[in-house]
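Me: Could you take a close look at one part of this model for me? I'd like to know where it sits and what it touches, and then hear about a few other places in the fold.

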Amino acid sequence: MPNEDLRVLVTGGAGFIGSHLVDQLVEEGCRVVVVDNLSSGRLENIERHLKAGSIEFYKVDLKNREEFESAVTDIDAVFHLAANPEVRVSTTDPEVHFKENIVATFNVLEVVRRRDIKSLVFASSSSVYGEPGVIPVNEEAPIKPVSVYGASKAACENLAHAYSMLYGINSVILRYANIVGPRLRHGVIYDFLLKLSKNKNVLEVLGDGTQVRSYLYIEDAIDATLVAWRKAPSGFSVYNVGNEDWITVNDVVDIVLSELGLRDLTRVVYRPVLHGIGWPGDVKKIALDISKLKTLGWKPKMRSREAVAKTVRYLISELGIKV
């Protein structure tokens, strides 16, 4: 469906999820504006669009509202994906997530209000639920984050709700599970591959390995994002974006070692804290009920284990890993 009349802004558009979203929006004919301070995003993720002249790019820090606003003209919709994605950072330096997530999101909302933009999609996280008593957890579950990262995302959701109610902004909140795929540069899969590239004999696992997660492949995540944007009702909506199954960290270990041919060669060492988690602020079990999003006509094409295995194969090639 051609979208030449739509001018769309993607914050964090040089990042992992953001760059894949940019790929799809360009493919569909949207006029795409990317804003990224390149703190974790990489120009190589959007290089082909820059060379083709198919996007506008502004290296802008969202914490500088005036600079950001100067880059925002004639925008129909904003996909706000910019954030510091490292949950562990909030344990040692909580101010990072306050500034990079809450302050940045407030500035985005202010510019959306002042520019009278009526459509906003915000990338939230399953971390807002904290440590739920039962999985999978649906959107009506209590918001009880156990990390500053999760708390910052919850705060951003509440800001978006207030702006939606006060200023008539149609806001879609997407609580992403673990999204994986090409260009991934954080999280457990990337961490394991880096460790094994340095020492194939020992793999350190943060936690006891029984932590439960759901993994969604990036193509499914982008499809879910666009379906929610196009089909969510007017006003303020929240959707879980995850898979229909879940696996353990030990399963991820097995997949990584198998893909590298190291299953019988590498000793796995566990470093649990508290009740078997990897670090303060980590959660033992989290998986999302995606029934609400499925009512819009979306469902994942790939299961968690397949998503992880495909990601491992891509990253081995991307990173040039040899063991």
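Reply: Happy to! Let's take glutamine 211, which sits in the loop between strand 8 (202-206) and strand 9 (212-213). Strands here are DSSP runs of E with at least two residues, helices are runs of H or I with at least four, and both are numbered from the N terminus. A word on the source: this is a predicted model, in which local features need pLDDT of at least 70 and side-chain atom pairs count only at pLDDT 80 or more, while totals for chains, interfaces and linings use all residues. Residues are numbered from 1 along each chain as its sequence is written, and side-chain values use heavy atoms, with hydrogens and water left out.

Glutamine 211 counts as buried because its relative accessibility is 2%; buried means under 20% relative accessible area, exposed over 50%, and partly exposed in between, with a 1.4 Å probe and protein chains only. Leaving aside neighbours within four places in sequence, its contacts (heavy atoms within 4.5 Å) include Leu206, Ile247, Thr248, Val249, Gly276 and Asp282. Alanine 221 is 10 residues away along the chain, and its C-alpha atom is separated from that of glutamine 211 by 22 Å.

Now to the strands. Strand 2 (residues 31-36) has 5 of its 6 residues buried, so it is largely enclosed by the rest of the structure. It runs parallel to strand 1, joined by 5 bridges; two strands pair if DSSP finds at least two bridges between them. Within that pairing, valine 8 has valine 32 as its bridge partner. Strand 1 (residues 7-11) also pairs with strand 4 in the parallel sense, over 4 bridges, and here leucine 9 is matched with valine 78.

Strand 4 (residues 77-80) sends Ala77 and Phe79 one way and Val78 and His80 the other, and all are buried. Strand 4 pairs with strand 5 (residues 119-125) as well, parallel and over 3 bridges, with histidine 80 standing opposite phenylalanine 122.

Phenylalanine 122 leads on to lysine 153, since the two are in contact; Ala83, Ser124 and Val128 are also among the contacts of lysine 153 beyond four places in sequence. Lysine 153 belongs to helix 6 (residues 148-167). You may like this one: lysine 153 is buried yet has no salt bridge, and the nearest side chain of opposite charge, glutamate 157, is 8.4 Å away. For charge, Lys and Arg count as positive and Asp and Glu as negative, with His and the chain ends not counted; a salt bridge needs a side-chain nitrogen of Lys or Arg within 4 Å of a carboxyl oxygen of Asp or Glu.
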